[in-house]
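Dear colleague,

Please find below the structure that I am handing over to you, together with its sequence. My notes on it follow directly after.

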Amino acid sequence: MRQWSPDSSRLRAFVFLLAAVLATLLVFAASAFAGAFTPESGGSPNADKIDTLYKIVLYASIVVFVGVEGTLLYSVLRFRARKGRVAAQIRGNTTLEIGWTLGAALILVVITAVTFAYLPGIRNPERSGAKGLPSANGVAYASVDQASPPGGKQLKIKVNGQQFVWRYAYPNKAFAYETMIVPVDTTVTLDIKSQDVDHSWWIPKLGPKFDAVPGYVNHTWFKVPASQIPKGQSGVTFRGQCTELCGYGHANMVARVRAVPVDRYEQWLASQKQNIAEANKGAAQERPRFQPIPSP
């Protein structure tokens with residue numbers, strides 16, 4: 001019969017105390033550093049799903065890590081070498097070995113199932129909301145690589161990476177640089193490409209990162225709820241940057257998405273198109289002044 005000893009009691013108390021301290025630190029770290037160790041979210045439903053899926057895998061990994069390392073630490077301390085003590089001869093435990101093998105397999109199966117359950121909501125665009133753009137300019141494109149949102153209402157914007165700026169082309173032939181203006185509560189689908197070298201489009205709070213590759217079009221989407229606009233503000237801005245080293249101006253290749261109410265978006269879009277038309281007209285009038293002088 002095994003005898004109680006002060007050493008074993010103190011060892012158990014130490015291990016339990018250490019486990020409690022680690023658990024407390026993990027809880028407080030998760031709240032104090034929210035967003036520091038997990039993906040940014042809050043701007044679009046697909047970004048929220050990515051964040052949730054990441055946290056599920058992260059927390060499962062923490063449980064496994066604490067369990068494995070805690071067992072290892074306990075074993076090292078509990079069965080450490082002592083003078084005059086004969087080490088126990090352990091030949092194996094078939095039941096235990098089968099148990100931890102099945103346990104690891106079960107964890108992988110569960111994580112895989114959860115991942116595949118979340119993927120459609122990350123990849124496939126959601127339905128535009130009731131406060132979104134009523135007809136989304138009547139533009140609905142079919143795509144082999146990206147499903148249309150339910151109801152077919154979407155605002156499709158073409159994103160073109162250039163050294164070293166982002167260009168956004170709208171359905172009414174208006175365009176903008178650096179800052180993309182979109183209406184709230186509207187599913188915005190993006191066609192992303194590059195005209196020179198590899199770039200990478202990423203607004204962390206609005207969803208996943210996608211490469212802009214010459215000769216190839218990538219697709220993604222986001223939808224900014226109207227509730228994201230702070231009270232008393234005219235809109236909300238999300239910031240990002242090219243995340244693919246694309247040349248000497250890479251650090252300056254910033255990206256912004258500003259979500260505004262539908263009426264403000266329609267006013268901006270009409271004004272942008274008019275300004276572009278006037279600029280083109282002025283350029284056409286000035287062009288003759290810069291024609292080369294014919295040689296005598």
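Leaving aside its neighbours within four places in sequence, which residues is P208 in contact with? In this predicted model, the contacts of P208 are N46, I50, W201, W202 and T220. P208 itself sits in the loop that links β6 (199–201) to β7 (210–212). Its relative accessibility is 23%, and since buried would require under 20%, P208 counts as partly exposed. A further approach involves R123: the two C-alpha atoms are separated by 9.3 Å, although P208 and R123 are 85 residues apart along the chain.

One of the contacts of P208, W201, leads into the interior. The largest nonpolar core comprises 37 residues, and M180 and W201 have the most contacts inside it. At least two residues of this core come from each of β1, β2 (165–169), β4, β5, β9 (236–241), β10 and α4. Not counting residues up to four places away in sequence, W201 touches V159, W166, Y168, M180, L190, I192, P208, K209, F210, A255 and V257.

I turn next to the strands. An open sheet is formed by 5 strands in the order β3-β2-β1-β5-β8, with mixed pairing. β3 (175–177) and β8 (218–222) stand at the edges; each has a single partner strand, so one side of each is left without a neighbour in the sheet. From one strand to the next, the twist averages 25°. The partner of β8 in this sheet is β5 (residues 188–194), and the two pair in the antiparallel sense over 5 bridges. Among these residues, I192 has N218 of β8 as its bridge partner.

Two further pairings involve β10 (254–260). With β4, β10 pairs in the parallel sense over 5 bridges, and the bridge partner of P183 there is V260. With β9, β10 runs antiparallel, and 6 bridges join the two; here T237 is matched with R258 of β10.

The loop between β9 and β10 contains L245. Is L245 buried or exposed? Its relative accessibility is 72%, and because the threshold for exposed is over 50%, L245 counts as exposed. L245 nevertheless touches D198 and H250, again not counting residues up to four places away in sequence. The C-alpha atoms of L245 and H199 are separated by 7.1 Å, with their positions 46 residues apart along the chain.

Two helices remain to be described. Helix α4 (residues 262–286) has 25 residues, which at 1.5 Å a residue should span 36 Å; its end C-alpha atoms are 36 Å apart, so the two values agree. The buried residues of α4 are V262, Y265, L269, Q272 and I276. They pack against β1 (155–162), β3, β4 (179–183) and β10. As general background to such spacing, an α-helix has 3.6 residues a turn, so residues three or four places apart point the same way.

Helix α3 (residues 94–123) has 30 residues and should span 44 Å at 1.5 Å a residue; the distance between its end C-alpha atoms is 44 Å, which agrees. At the N-terminal end of α3, N93 acts as a cap, with a side-chain oxygen 3.2 Å from the backbone nitrogen of T95.

Yours sincerely

How values were computed: Residues numbered from 1 in each chain as written. Predicted model: local features only at pLDDT ≥ 70, side-chain atom pairs only at ≥ 80, totals over all residues. Heavy atoms only, no water. Pairing = 2+ DSSP bridges. Helix = DSSP H or I, 4+ residues; strand = E, 2+ residues; numbered from the N terminus. Axes fitted to C-alpha atoms, helices over the stretch in contact; angles between N-to-C directions. Expected span 1.5 Å × (residues − 1). Buried < 20%, exposed > 50% of the residue type's maximum accessible area, 1.4 Å probe, protein only. Contact = heavy atoms within 4.5 Å. Core = buried A, V, L, I, M, F, W, Y, C linked by side-chain atoms within 4.5 Å. Polar contact = N/O pair within 3.5 Å; in protein donor to acceptor, adjacent residues only side chain to side chain.
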